[in-house]
Amino acid sequence: MLESGPELACTPGQTVGPFFGMALPYPGGSDLVDAAHPQAVRLHGTVYDGAGAAVPDALVELWQADGAGRIPRRAGSLRRDGTGFTGWGRGATDAAGHYAFTTLAPGSASGGRPPFFALAVFARGLLDRLFTRAYLPAADLDADPLLSAVDPGRRASLLCVAESDSGRTGYRFDIHLQGPNETVFLAYEGGR
């Protein structure tokens, strides 16, 4: 006969979802700066599954440096008071699988390497989040050790597409979870 110990609660990665749209978004979570900010840009795209269908219940998180390449270390990322840039945001996809952030174009955080948005994706069918990067369109792909290690045929999946709407700069970055257009995802080992 086996002795039973205390029952342990399941962690989010062990439960059946999706529950992202219900539990994790918060008001202003996808607005890292106010849309009226003179340097505001829009980063948006669609999350697609392996069959090419939009994922209506995914959650996308964004981390980034500010326009000068400084990584914000300010507490209070969940508070959106309109006065500070925290470098972090979270937004759920809508019924059409679309996500959007109002933010700043990132600067290079590391000596001459191309600037990028760091993204994490939570979606149904994933036990753990996926990590990727969205590099600005003019990125020098050979200046980044990570990019130079990626198969040249797949590097395009890590590049934003520049857009302009009413004179305001923006970027589109679609995320393909699987399939022939699969986005390159990163694995972090040993806490790095």
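## Strands 5 and 6

In strand 6, phenylalanine 131 is the bridge partner of alanine 120, and six bridges in total join strand 5 (residues 116–122) to strand 6, the two running antiparallel. Strands here are DSSP runs of E with at least two residues, and helices are runs of H or I with at least four, each numbered from the N terminus; two strands pair if DSSP finds at least two bridges between them. This is a predicted model, in which local features need pLDDT of at least 70 and side-chain atom pairs count only at pLDDT 80 or more, while totals for chains, interfaces and linings use all residues. Residues are numbered from 1 along each chain as its sequence is written, and side-chain values use heavy atoms, with hydrogens and water left out.

## The open sheet

Strands of a sheet pair through backbone hydrogen bonds, either parallel or antiparallel. Here an open sheet of four strands has the order 3-2-5-6, with antiparallel pairing. Its edge strands, each pairing on one side only, are strand 3 (88–92) and strand 6 (130–135).

## Strands 1, 7 and 8

Strand 7 (residues 161–165) and strand 8 run antiparallel and are joined by five bridges, with aspartate 165 standing opposite arginine 168 in strand 8. These two strands form a hairpin with two residues between them, and serine 166 in the turn has a positive phi of about 55°.

Strand 8 (residues 168–172) also pairs with strand 1 (residues 40–48), this time in the parallel sense over three bridges, and tyrosine 171 in strand 8 is the bridge partner of leucine 43.

## Phenylalanine 116 and the largest pocket

The charged end of arginine 133 sits over the ring of phenylalanine 116, 4.0 Å from its centre; such a placement requires NZ of Lys or CZ of Arg to be within 6 Å of the ring centre and within 35 degrees of the ring normal.

Phe116 is also among the residues closest to the centre of the largest pocket, together with Gln64, Ala65, Ile71 and Ala109, out of the 21 that line this pocket. A pocket is an open set of points on a 1 Å grid over the protein atoms alone, where a 1.4 Å probe fits and protein lies on both sides within 12 Å along at least five of seven lines, and lining residues have an atom within 4 Å of a point. Strand 5 and helix 2 (145–149) are the elements that give two or more residues to the lining.
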